[in-house]
Amino acid sequence: MRLNFLDMTIQQARDTLAAQNIEPYRAEQLADWVYRKAVTDPAAMTSLPSTVVGLFDILTSRVVARAESADGTTKLLLEYPDGQRVETVLIPAGKRATVCLSTQVGCAMGCGFCASGLGGLKRNLTCGEILQQVIHLRQATGRRITGAVFMGMGEPLANYDATVAATRALIDPQRFGLSARAVTLSTVGLPGRIRRLARENLPITLAISLHAPNDALRRKLTPAASVASIEQILAAAAVFFASRKREVTLEYVLLAGLNDTNVCAEALARLAKRLRCNVNLIRYNPVPSMPYAAPTAAAAKAFLARLRRRGVNAHLRRSRGADIAAACGQLRQTAGTGQ
Ligand code: SAH
């Protein structure tokens, strides 16, 4: 089987080249083309002999659909050689451009409101398959990438090794060279994996999809993830904070009439005050076929105000790309694949 360059550290690529009697420094040259310039066509890599590029795969996926939002958000549907498809999104904000990466094809968590879980988990992505998303987005938009969030399809901590390897590539100065502060890993909340992540020496931001302030409601919204209690999740989050001194983000998708009540806001405030954290509120992005609705903008603002009155550092996030179904697994559904 051919090796994928995106699965390797620079040192591993050097070793691979040395084993073929090729000068190891060619690895840095290839990395410069691929990671810095997002050039993946061997013919365009003018500084490199074809024997070097010929050793590796780089992009194994292809773009099968593209959608542009009026707000500048670009979404791509990628297909891997086995026919599996994932979505990936670029979100511009002024000079910055953040990519939203998928880590799995589908998802096993089955959260009742999320389109990515429809049809269950197909398979994990490899590290290289995760990183190809960054290169495709860069090639499709010409934008320099300044940040990355693991908020696409899948549960990143359920595909732990590939996600951590991809994170290391994102913040490696010889590869994508992103600032660790600009990388966020979002998890449904797997306490054992959060504790393990705390030991990785990765100064990234951890976001936890809490979505409910008590276990009974959380079991309804995120059933598979609710084998862990909120207490266990918050304890693991505190360990992550202690190891990295990076404030944890609590994500909270507002679902009309379910978790957007005053009682929920007060309970969420009590939880948030126990942790060094920011709370990100997101109005639900409705998924056809799912029995949930977004609260009104006024109701969302009232929820935010209540948290702030309790001294919680909270923000209401704008939903981007709603006109292109940028949220969470929807292009894959509407493109009629639903695989
Ligand atoms: N598995 C990870 C990453 C998922 S996507 C996690 O659970 O965190 C990132 C966020 O989008 C999660 O908080 C997820 O619950 C949320 N989300 C999923 N579907 C959504 C929708 N239709 N509208 C708004 N947010 C959604």
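These questions and answers deal with Arg218 and the ligand in a predicted model.

User: What should I know about the model first?
Analyst: Residues are numbered from 1 along each chain as its sequence is written, and side-chain values use heavy atoms, without hydrogens and water. The model is predicted, so local features need pLDDT of at least 70 and side-chain atom pairs pLDDT 80 or more, while totals for chains, interfaces and linings use all residues.

User: Why is Arg218 called buried?
Analyst: Its relative accessible area is 1%. Buried means under 20%, exposed over 50%, partly exposed in between (1.4 Å probe, protein chains only). Therefore Arg218 is buried.

User: What makes Ser209 a contact of Arg218?
Analyst: Contact means heavy atoms within 4.5 Å. Arg218 touches Ser209, and also Val188 and Ile233, among others, not counting residues up to four places away in sequence.

User: Why does the Leu210 and Arg218 pair count as a polar contact?
Analyst: The backbone oxygen of Leu210 lies 2.9 Å from a polar atom of the Arg218 side chain. A polar contact is a pair of N or O atoms within 3.5 Å; within protein, one must be able to donate a hydrogen and the other to accept it, and residues adjacent in sequence count only if both atoms are side-chain atoms. The 2.9 Å value fits that limit.

User: How do you know that Ser186 has a polar contact with the ligand?
Analyst: An N or O atom in the Ser186 side chain is 2.6 Å from a ligand oxygen atom. That is within 3.5 Å. For His211, the side-chain value is also 2.6 Å.
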